[in-house]
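Work through the exercises below with the sequence and the coordinates at hand. Each task is followed by a solution in steps.

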Amino acid sequence: MSLLSGFKKGDKKALEHIYLRYYKRVYLLSLHFTGSPPEAEDLVHDIFLRLYRGRDKLSDEVPLEAQLVRIAKFHILDTLKKKKNIYVTGFVSELQTFSDDEDPENGIIYRKKLLRAMEALPAKCKEIFTLYRLEGLTRGEIAAYKNISVKTVENQISKAIRIIRKDVESM
């Protein structure tokens, strides 16, 4: 019996094996998003509980690790959204046109402008942009999740960046 099929049938040994095998991956992913070891640890347990409760819905066609990472990303992001704890580090560094080391106050002002511009995006554009930049999903994952083409995802991301750049420069 394969690990996945045993797990789907409720085999506790399979659950233990999956937990030991993927714990570090899920913990590091949680830590990346939260920046807090205790919070990441709590999320890991919630994620594995969610995986176990939804085990009958797991696909035999997709690798278990990919399904677990997807569950983890969505759970982490849902948790952070509830706490209004959004991290924009990667996006800020990409759009930032000056160094915070030169003037830290300018960095704070810039981030406020950036967040305002992001909030003003059209709903569909904002959702796709958030999934991509803030939640770390790939274009393909977003396309599959939203049931749209990868090209549509790319267009929406480009549109969001264009709008945000324009808004931030004009503020």
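**Exercise 1. Classify both partners of the Lys8–Asp60 salt bridge by accessibility, and state which parts of the chain the pair joins.**

Solution.
Step 1. Lys8 has a relative accessibility of 23%, so Lys8 counts as partly exposed. The limits needed here are under 20% for buried and over 50% for exposed.
Step 2. Asp60 stands at 57% relative accessibility and is therefore exposed.
Step 3. The model is predicted, and in it the two side chains meet at 3.2 Å, N to O.
Step 4. Lys8 belongs to helix H1 and Asp60 to the loop between H3 and H4, so the salt bridge ties together parts that are 52 residues apart in sequence.

**Exercise 2. Treat the salt bridge of Lys73 and Glu141 in the same way, then turn to Glu119 and Lys126.**

Solution.
Step 1. The closest N and O atoms of Lys73 and Glu141 are 3.5 Å apart.
Step 2. Lys73 is in helix H4 and Glu141 in helix H8 (residues 139-146), so this pair links parts that are 68 residues apart in sequence.
Step 3. With a relative accessibility of 10%, Lys73 is buried. Glu141, at 24%, is partly exposed.
Step 4. For Glu119 and Lys126 the N to O distance is 2.8 Å. Glu119 is exposed, with a relative accessible area of 54%, and Lys126 is partly exposed at 26%.
Step 5. The structure holds five salt bridges, among them the pairs Lys73–Glu141 and Glu119–Lys126.

**Exercise 3. Describe the ring pair Tyr23 and Tyr27, and place the two residues in the secondary structure.**

Solution.
Step 1. A pair of aromatic rings is described by the distance of the centres and the angle of the planes.
Step 2. The ring centres of Tyr23 and Tyr27 are 5.9 Å apart and the planes are at 10 degrees, so the pair is stacked. The cut-off for stacked is planes under 30 degrees apart.
Step 3. Both residues lie in helix H2 and are four residues apart, about one turn of the helix.
Step 4. Tyr23 is partly exposed at 24% relative accessibility, whereas Tyr27 is buried, with 18%.
Step 5. Tyr19, Tyr23, Tyr27 and Phe48 form one aromatic cluster. The count of aromatic pairs comes to five.

**Exercise 4. Find the residues that touch the most other members of the largest nonpolar core, and the elements that supply this core.**

Solution.
Step 1. The largest nonpolar core has 24 residues, and Phe48, Leu51 and Ile76 touch the most other members.
Step 2. Two or more residues each come from helix H1 (3-8), helix H2 (12-34), helix H3 (37-53) and helix H4 (64-82).
Step 3. Beyond four places in sequence, Phe48 contacts Ile18, Tyr19, Tyr22, Tyr23, Val26 and Leu68.
Step 4. A second, separate core has 21 residues, including Phe129, Leu134, Ala160 and Ile161.

**Exercise 5. Is Ser30 buried or exposed, and which residues does Ser30 contact?**

Solution.
Step 1. Ser30 is part of helix H2.
Step 2. The relative accessibility of Ser30 is 0%, so Ser30 is buried.
Step 3. With neighbours within four places in sequence set aside, the contacts of Ser30 are Gly35, Ala40, Leu43, Val44, Ile47 and Ile76.

**Exercise 6. Summarise the fold of the protein in numbers.**

Solution.
Step 1. The protein has nine helices and zero strands.
Step 2. Of its 171 residues, 38% are buried.
Step 3. Among contacts with a separation of 6 or more, 60% join residues 24 or more positions apart.
Step 4. The accessible surface is about 10,300 Å², and carbon and sulfur atoms account for 52% of this surface.

**Exercise 7. Where is the pLDDT below 50, and which element has the lowest mean?**

Solution.
Step 1. The mean pLDDT of the protein is 80, and 83% of the residues score at least 70.
Step 2. By element, helix H5 (residues 89-95) has the lowest mean, 46, and H3 the highest, 91.
Step 3. The pLDDT is below 50 over residues 85-104, a stretch with 33 contacts in the model beyond near neighbours in sequence.
Step 4. Where pLDDT is low, the predicted coordinates should not be read in detail.

Methods: Residues numbered from 1 in each chain as written. Heavy atoms only, no water. Core = buried A, V, L, I, M, F, W, Y, C linked by side-chain atoms within 4.5 Å. Buried < 20%, exposed > 50% of the residue type's maximum accessible area, 1.4 Å probe, protein only. Contact = heavy atoms within 4.5 Å. Areas by Shrake-Rupley, 256 points an atom, 1.4 Å probe, with all protein chains shown as cover. pLDDT = per-residue confidence, 0-100. Salt bridge = Lys/Arg side-chain N within 4 Å of Asp/Glu carboxyl O. Phe/Tyr/Trp six-rings, centres within 6.5 Å; stacked < 30°, edge-to-face > 60°.
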